[in-house]
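User: Can you walk me through a structure, one question at a time? I'd like to see how you get to each answer.

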Amino acid sequence: MQTYKNTAIDSPFRHIKREDWKDLNGKFSNTIDDEDLKTLHALNEPLTMQEIEEIYFPLSHLLDIHLQQYHTLHIKTNSFFSKNGKNLPFIIGIAGSVAVGKSTTARVLQRVLSLLPSKPKVDLVTTDGFLYPNKTLVEKNILNRKGFPESYDAKKLLNFLSAVKSGVEKISIPVYSHLVYDVLPEDQQQVIEQPDILIVEGINVLQVNSQHPRKGHSVFVSDFFDYAIYVHASEKNLLEWYVNRFESLRATAFQDPQSYFHRYAHMNAKESVDMAINIWNEINKPNLLENILPTRYRADLILEKGSHHFVQKVKVRMI
Ligand SMILES: Nc1ncnc2c1ncn2[C@@H]1O[C@H](COP(=O)(O)OP(=O)(O)O)[C@@H](O)[C@H]1O
Ligand SMILES: CC(C)(COP(=O)(O)O)[C@@H](O)C(=O)NCCC(=O)O
């Protein structure tokens, strides 16, 4: 029998190296046919097919176990209440730093999960849409705090999640554009209509300081999650990926007169890199250290990336 010593630092996570994780592929790989493979290639993401097979297929298999358990629980609970309650979406949260690859991970996971044998409808929302519009951020004098907890309309985000988990059939939510650097007008909202799985991606999804501002309410975004993933990388890699993304935006989107950054399109490579490093050091890095990184052990699973975004290790909460 193992005895508890209060000097020991126990971890409730299994640490699984990439070499071992990739072999946990299980039955899922057998269900990928040529058509499905084509749809994965058509995703046109920077990820290699090897990364999808070695990291995302096992992840999808593990999530399928949780999904099946969720459905069994639903059926048993219905029978307990002698009532047929609605099927409610299984919600997966994805957290991590700016530029760690949350959106990319979320898009790939959305597609891979939709290939599961039950062919679930998988929707994806990003919490950027719940940022206050620039106009409000300017009024509150917090435009330089974009991404910090106070820059989000926490009440709107929590009301949305609450509606999803109450079975509301059709919900419109705001959409953020990195090109315009602002929340888009209401006629460009996203409609969420009874998905089987909903992925909610954002830097703030595991935070407990963006609570419902109504007096007496302490409800957090993650209270609505059935599974939470944190994507982790070293600060050095994050800065590199942030600068690279900024650079490729400068070469493409910034040339678009509609882009907020169009004013910077004339910058040369050195000026643009300096500016990206400055934004990182002034805004995104402090936000990472103060508000994002401390939430990582609240996740059920941590994807640890090394260079070139390759996942090196997976930590999974033990059950
Ligand atoms: N697995 C990956 N392999 C290669 N590049 C990636 C990968 N994931 C993300 N990237 C690149 O890294 C940058 C940040 O990714 P993104 O998904 O936009 O991050 P986030 O949503 O966390 O801010 C982008 O330029 C993206 O193309
Ligand atoms: C909108 C964001 C808060 C969210 O980040 P994401 O992880 O989606 O890239 C971030 O991209 C951002 O704009 N941060 C403010 C500083 C900056 O311009 O990078």
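User: Let's start with ligand 2. Which element gives the most to the shell around ligand 2?

Analyst: Keep in mind that this is a predicted model. Ligand 2 has residues such as Val 98, Lys 102, Ser 103, Ile 279, Ile 283 and Asn 284 among its surroundings. Two elements give two or more residues to that shell, α4 (102-114) and α8 (269-292). The one that gives the most, with 3 residues, is α8.

User: And by class, how many residues of the shell around ligand 2 are nonpolar?

Analyst: The surroundings include Lys 146 and Asp 128, as well as Ile 203. Sorted by class, the shell has 3 charged residues, 3 polar ones and, for nonpolar, 4.

User: What about ligand 1: how many residues surround ligand 1?

Analyst: α4 and α7 (235-251) each supply at least two residues of this shell. By class it divides into 6 nonpolar, 6 polar and 3 charged. The closest residues are Pro 46, Gly 101, Lys 102, Ser 103 and His 309, and the full count around ligand 1 is 15.

User: Now the sheet. Which strands are at its edges?

Analyst: It's an open sheet of 7 strands with mixed pairing, and the order runs β1-β11-β10-β9-β2-β8-β3. An edge strand pairs on one side only, and here those are β1 (13-17) and β3 (122-126).

User: Do β9 and β10 pair in the parallel or antiparallel sense?

Analyst: In general, strands of a sheet pair through backbone hydrogen bonds, in either sense. Here His 232 stands opposite Glu 304 in β10. Strands β9 (residues 227-232) and β10 (residues 301-305) share 4 bridges, and the sense is parallel.

Technical notes:
Residues numbered from 1 in each chain as written. Chains lettered and ligands numbered in written order. Predicted model: local features only at pLDDT ≥ 70, side-chain atom pairs only at ≥ 80, totals over all residues. Near = placed C-beta within 6 Å. Nonpolar A, V, L, I, M, F, W, Y, C, P; charged D, E, K, R; others polar. Pairing = 2+ DSSP bridges.
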